[in-house]
Amino acid sequence: MSPHEPSHAAAGIPLQAHVEELRRRCEAVARFQGGSTHYLEELGIFRRYAEEHALFLEDTPLELSRPPDDEGNEHQVWFQADSETYLKATWPGFFGLLVIHRPHEEHKASPIDYLERWHLHNEVFGDQVSFLGALLSDSGLRLLIRQPAIAGTPATDEEIRRFFTDSGWRPFVIEGNVAFFDPERHLVISDTHRGNIILMADGLLAPIDLRVQALSGSLLDTVAKLSSSSVISEH
């Protein structure tokens, strides 16, 4: 364990286990009310789960007491030189954005969406992101993750496109941005800009911070049609 990593219950539970249990709870609520869970419901489900499993950190990590090494739309980031990892903390009350959502639903990702995103990031790209716990601040809830640092340079747009299309991902455009759809695993990915995919010294590409979302129902049908149209138009 890194000396900077919180000694905490969350650190000993695999991210996949958190996600599976949280999704199970969401599905139970959805079945009971005859529809899918929405953002505020999932926020409440996560808070109850976090309280039950002591996921709220009692002490704020030392890194958060100093200015971050980097900031983005979703995180503040601190580099941990001794363990060659990054500590990432979501902005208070914000857990990123969904790749796609239904017209009447919230575009913001819930804490559960956020953790599922990183579980899928690990599963699909061989990353080793771990969930360290949650913080309650005056400004709102924050989630903390740890991610291995990767050395390299930003990939080119063409390298990024080939990285996905050569592996069977279908490109399409959503809200003016390029995204990719995996028809086998029913996954969609966005935010694939150069800063989020690293070309390593061995010539391989490593995604470091993509939005990954599992699809079902009408969203799956919509993306399947969009990506099919995009593939046809390219030829």
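This is a tour of selections in a predicted model, moving from helices to loops and then to single residues.

Residues are numbered from 1 along each chain as its sequence is written, and side-chain values use heavy atoms, with hydrogens and water left out. Because the model is predicted, local features need pLDDT of at least 70 and side-chain atom pairs count only at pLDDT 80 or more, while totals for chains, interfaces and linings use all residues.

**Helix α1**

Select residues 15–33, which form helix α1. Helices (H or I, at least four residues) and strands (E, at least two) are DSSP runs, numbered from the N terminus. α1 has 19 residues, and the distance from its first C-alpha to its last is 27 Å, close to the 27 Å expected at 1.5 Å a residue. The expected span of a helix is 1.5 Å times one less than its number of residues.

Next, colour L15, H18, V19, L22, R23, R25, C26 and A30, the buried residues in α1. Buried means under 20% relative accessible area, exposed over 50%, and partly exposed in between (1.4 Å probe, protein chains only). Look down the axis of α1: its buried residues fall within an arc of 160°, so they line one face of the helix. The arc is that of the directions from the helix axis to the C-beta atoms. On the face turned away from the buried side of α1, pick the exposed residues R31 and F32.

What do the buried residues of α1 pack against? Show α2 (39–52), α3 (111–125) and β4 (130–137), which are their partners. Then step to G34, which follows α1 and has a positive phi, near 75°.

**Helices α2 and α3**

Keep α2 and α3 on screen. They pack at an angle of about 75°, with their axes 7 Å apart. That makes α2 roughly perpendicular to α3. Axes are lines fitted to C-alpha atoms, for helices over the stretch in contact, and angles run from 0 to 180 degrees between N-to-C directions. Angles under 35 degrees count as roughly parallel, over 145 as roughly antiparallel, 65 to 115 as roughly perpendicular and the rest as oblique.

Which residues of α2 and α3 meet? On the α2 side select E42, L43, I45 and F46; on the α3 side select P111, I112, D113 and L115. The residues of this contact of α2 with α3 divide into 6 nonpolar, no polar and 2 charged. Contact means heavy atoms within 4.5 Å.

Now show α3 alone. At 1.5 Å a residue, its 15 residues should span 21 Å, and its end C-alpha atoms are 21 Å apart, which agrees. α3 is mostly covered, with 13 of its 15 residues buried. G126 follows α3, with a positive phi, near 70°.

**Loop residues**

Most residues other than glycine have a negative phi. Select A54, which is not a glycine yet has a positive phi of about 55°. A54 sits in the loop between α2 and β1 (70–71) and, at 44% relative accessibility, counts as partly exposed.

H186 is likewise not a glycine and has a positive phi of about 55°. Find H186 in the loop between β8 and β9 (187–190); at 33% relative accessibility, H186 counts as partly exposed.

S83 is in the loop between β2 (75–80) and β3 (85–90). Its relative accessible area is 25%, so S83 is partly exposed. Add A149: S83 and A149 are 66 residues apart in sequence and 8.9 Å apart in space, C-alpha to C-alpha.

**A179 and F163**

Go to strand β8 (residues 177–182) and pick A179. Is A179 buried or exposed? A179 is buried, with a relative accessible area of 0%. Leaving out residues up to four places away in sequence, A179 touches V99, R170, P171, F172, I174, I189 and S190. A179 and I100 are 79 residues apart in sequence, and 9.8 Å separates them in space, C-alpha to C-alpha.

The last stop is F163 in helix α4 (residues 157–165). F163 is partly exposed, with a relative accessible area of 23%. Not counting residues up to four places away in sequence, F163 touches F125, L205 and P207. Add I197 as well: F163 and I197 are 34 residues apart in sequence and 9.8 Å apart in space, C-alpha to C-alpha.

Conventions:
Ala, Val, Leu, Ile, Met, Phe, Trp, Tyr, Cys and Pro count as nonpolar, Asp, Glu, Lys and Arg as charged, and the others, Gly among them, as polar.
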